[in-house]
Amino acid sequence: MNQKLLFARAYEGVAAQQIPDEARPLFHLTPYAGWMNDPNGFSFYQGRYHLFYQYNPYDTKWDDMHWGHAVSADLLQWDYLPAAMAPDEPYDDKGCFSGSAQELADGRQLLLYTGVRAEGGERDKEIQTQCVAVGDGLDYAKLPQNPVISWEDLPEGLDKHNFRDPKIWKTAEGYRCVVGSCDESGLGKILLFRSADGFAWTFESILAENDGRLGLMWECPDFFSLDGKDVLLVSPQDMLPEGFEYHNGNGTVAMIGTFDEQTRRFLPEADQAVDYGIDFYAPTTLLSPDGRRIMIGWMQNWDTTQLSGSKDRKWFGQMTLPRELFLRDGRLCQRPIRELEAFRSRPVIYENVLVDSVVHLPGIQGRTLDMELTVRPEPGEPLYHKFSVRFMENEQFHTKLSYRTHESVLRIDRKFSGSRRAYIHQRRCQIAPRNGEIKLRLILDRFSAEVFINDGEKVMTATIFTDLAAQGISFFADGKVRMDVTKYDLFSEETHETL
Ligand code: FRU
């Protein structure tokens, strides 16, 4: 094993000891030590889920990309394994960038990733190629034939400085992968390749391209079939907002359409944001052994990476909750993975509560919880204008979800979560009440909130670094509203002991 990886493994082992468990989220993955961005190599291998991630063990800032590594039986309780790769070869010494994993015919695991090297030693002139490593679920060796896909293999006019984030999947003939790229004017293109063995790759087609509407470069593609359609996920850089879509600049877009095997092109029919909150980027999916398409994303926004609550925090970056994907009425919908339900305890249930001013409900509070709300107007009364729920609340702080009936808009606002900076703190999305009702499922961990709206129709995700003492929850309406609430604690000591 190369010195640089040995050193990283020794260093991360020591650095991780300085992070007490209670300083981390309870059930969202953080880096073992230092910095984490995109999820990589999300896969099921030898009976366990593997999740690798973009990783700098040495600092809480992006630099010197390694691959961190964690495994889990249930996608929620992760065990750290030593770093899987370090940028230690001439073709990747400026970083082992994002990629994916598949099991090979001989039972080994293949990692397909982007190796970044400097052109003439200049940092701002980097060349990106696709490389492989194989391993046994713990140790991985990069192969001597790297890189396995170079920009020389591509059609004319593509940008060799932007060619990254291969996502591999199995086919009847072997493997395929999609890679993000752009042309010389900076517009994203997704390239499709095939391989019989995972090592020798042939360019097939430009699967999809940006006509200028959705940002510039398209990062971290993923491509899969779902409920009779084909879905392309991309994370474009520098998007402009359109109505209520694409407010984050760098965000993730789902295109839903059909793959034409003749032309090897994807024909999108509709597109939408994947998450309408503040912190969500670069997701990737796997197909679970029981056939679910499960997605996990980086719970962060590149524009707010300074926001970590405390200068002393020794980790940076969290993954979202893994989410099951499905199509409903032509939209990509998401629900939290069902494995979460085993970790719910101590239900507190209220039915048909009248909310007509500020309401606190005994037993409804906490910082690590799963809460379902159904909200409807009081029959025979004028329609209310605004309903809101404040959480992570005390005298000084709160984060708020508020719904305005006349606009059908739901807003998340973390302005009062302890930040002293001029970052964006709110996002809005349009939601459609069904039979006058809205349904919200709010999942809180120590430093995040994920809101699943109307059974997964839309999701809003935000990191929240409010003081952990802020545990309160309150409800408000400026008219007469009826509400059902079910709240569970998540991963409480009690459930831990009995599992
Ligand atoms: C997306 C990204 C990827 C790249 C990685 C580098 O967040 O920019 O395109 O591979 O991060 O860490």
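Here is a friendly exchange about how two domains meet in this predicted model.

Biologist: Happy to look at this with you! Into which domains is the protein divided?

Modeller: Glad to help. The protein is divided into two stretches: residues 3-339 are domain 1. The other stretch, 341-498, is domain 2.

Biologist: How many residues does the contact take from each domain?

Modeller: Let's start with the spacing: the centres of the two domains, taken over C-alpha atoms, are 31 Å apart. The contact takes 43 residues from domain 1 and, from domain 2, 40 residues.

Biologist: Lovely. What share of the area buried between domain 1 and domain 2 is on carbon and sulfur atoms?

Modeller: Together the two domains bury about 3,600 Å². Of that area, the share on carbon and sulfur atoms is 59%.

Biologist: And how far apart are the closest N and O atoms of Arg414 and Asp279?

Modeller: A salt bridge calls for a side-chain nitrogen of Lys or Arg within 4 Å of a carboxyl oxygen of Asp or Glu. Arg414 and Asp279 form such a pair, and their closest N and O atoms are separated by 2.9 Å.

Biologist: Which element gives the most to the side of domain 1 that touches domain 2?

Modeller: Across this interface there are 24 residue pairs in polar contact, both residues being at pLDDT 80 or more. On the domain 1 side, the elements giving two or more residues are strand S20 (323-328) and strand S21 (331-336). With six residues, the one that gives the most is S21.

Biologist: How many residues on that side of domain 1 are charged?

Modeller: By class, that side has 16 nonpolar and 13 polar residues. Its charged residues number 14.

Methods: Residues are numbered from 1 along each chain as its sequence is written. This is a predicted model: local features need pLDDT of at least 70, side-chain atom pairs count only at pLDDT 80 or more; totals for chains, interfaces and linings use all residues. Side-chain values use heavy atoms; hydrogens and water are left out. Domain bounds come from an automatic or database domain assignment. Contact means heavy atoms within 4.5 Å. Buried area is the accessible area (1.4 Å probe) that two parts lose on being put together, summed over both. A polar contact is a pair of N or O atoms within 3.5 Å; within protein, one must be able to donate a hydrogen and the other to accept it, and residues adjacent in sequence count only if both atoms are side-chain atoms. Helices (H or I, at least four residues) and strands (E, at least two) are DSSP runs, numbered from the N terminus. Ala, Val, Leu, Ile, Met, Phe, Trp, Tyr, Cys and Pro count as nonpolar, Asp, Glu, Lys and Arg as charged, and the others, Gly among them, as polar.
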